[in-house]
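User: Hi! I'm new to this one and would like a quick tour. Could you show me the structure and talk me through it?

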Amino acid sequence: MISKCIVFHEPHKVGFGEIDVPEPQAGQIVTRTLYSGVSTGTETRVLRGGEVDTFPLIPGYESVGEVVKVGDGVDMKPGDLA
């Protein structure tokens, strides 16, 4: 499955990209992001070139999404919110 994403290409340079989302493994889920928070601390420092030295980078760690796929052993189903 191909997904669109925001990409920090280098410090002070933001763009869009696409990534291939792998099938979920045991204990994992795949979600379609509905809402995403932007940390004015972490993402701002990273975009300015602090905290990381590897670019390009796909930011984000706060989100609410709809489950679209589940791996084995997951007690959720497609359509659930996560």
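Analyst: Happy to; we'll go from the overall fold to some individual residues.

User: Great. What should I know before reading the numbers?

Analyst: This is a predicted model, so local features need pLDDT of at least 70 and side-chain atom pairs count only at pLDDT 80 or more, while totals for chains, interfaces and linings use all residues. Residues are numbered from 1 along each chain as its sequence is written, and side-chain values use heavy atoms, with hydrogens and water left out.

User: Thanks. What secondary structure does the protein chain have?

Analyst: The protein chain has one helix and four strands. Along the sequence the pattern reads β-β-β-α-β. Helices (H or I, at least four residues) and strands (E, at least two) are DSSP runs, numbered from the N terminus.

User: And what does the C-alpha trace span?

Analyst: Along its principal axes, the C-alpha trace spans about 40 × 25 × 20 Å.

User: How much of the chain is buried?

Analyst: Of the 82 residues in the protein chain, 16% are buried. Buried means under 20% relative accessible area, exposed means over 50%, and partly exposed is in between (1.4 Å probe, protein chains only).

User: What about contacts between residues far apart in sequence?

Analyst: Taking contacts between residues at least 6 apart in sequence, 56% of them join residues at least 24 apart. A contact here means heavy atoms within 4.5 Å.

User: Switching topic: how many salt bridges are there?

Analyst: The count is four salt bridges. To qualify, a side-chain nitrogen of Lys or Arg must be within 4 Å of a carboxyl oxygen of Asp or Glu. As background, side chains of opposite charge can pair when their charged atoms come close.

User: Which residue does Glu23 pair with?

Analyst: Glu23 forms a salt bridge with Lys69, and their closest N and O atoms are 2.8 Å apart. Glu23 lies in the loop between strand S2 (13-20) and strand S3 (29-36), and Lys69 lies in strand S4 (residues 63-70), so this pair ties together parts that are 46 residues apart in sequence.

User: Are those two buried or exposed?

Analyst: Glu23 counts as partly exposed, at 47% relative accessibility. Lys69 counts as partly exposed too, at 27%.

User: What does Glu66 pair with?

Analyst: Glu66 forms a salt bridge with Arg32, with 2.8 Å between the closest N and O atoms. Because Glu66 lies in strand S4 and Arg32 in strand S3, the pair ties together parts that are 34 residues apart in sequence. Glu66 is partly exposed at 25% relative accessibility, and Arg32 is partly exposed at 45%.

User: Where is Glu51, and what does it do in this picture?

Analyst: Glu51 is in the loop between H1 and S4. This residue forms a salt bridge with Arg45, the closest N and O atoms being 2.3 Å apart. Glu51 is exposed, with a relative accessible area of 53%, whereas Arg45 is partly exposed at 40%.

User: Anything about the backbone at Glu51?

Analyst: Phi of Glu51 is near 75°, a positive value in a residue other than glycine. His12 also has a positive phi, near 70°. His12 sits in the loop between strand S1 (2-10) and S2 and counts as exposed, at 63% relative accessibility.

User: Which peptide bond is cis?

Analyst: The bond from Phe55 to Pro56 is cis, with omega near 0°. Pro56 is in the loop between helix H1 (42-47) and S4. For context, most residues other than glycine have a negative phi, and most peptide bonds are trans.

User: Which residues make the nonpolar surface patch?

Analyst: Leu34, Tyr35, Val64 and Leu81 make a nonpolar surface patch of about 410 Å². Patches are made of residues with over 30% relative accessible area and no salt bridge: like charges are joined within 9 Å, and nonpolar side chains (Val, Leu, Ile, Met, Phe, Trp, Tyr) within 5 Å. Accessible areas come from the Shrake-Rupley method with a 1.4 Å probe, and for residues only the protein chains shown count as cover. Leu34 is in strand S3 and is partly exposed, with a relative accessible area of 33%.

User: One last residue: what does Ser39 touch?

Analyst: Not counting residues up to four places away in sequence, Ser39 touches Thr44, Tyr61 and Glu62. Ser39 is in the loop between S3 and H1 and counts as buried, at 13% relative accessibility. Ser39 and Pro59 are 20 residues apart in sequence and 9.9 Å apart in space, C-alpha to C-alpha.
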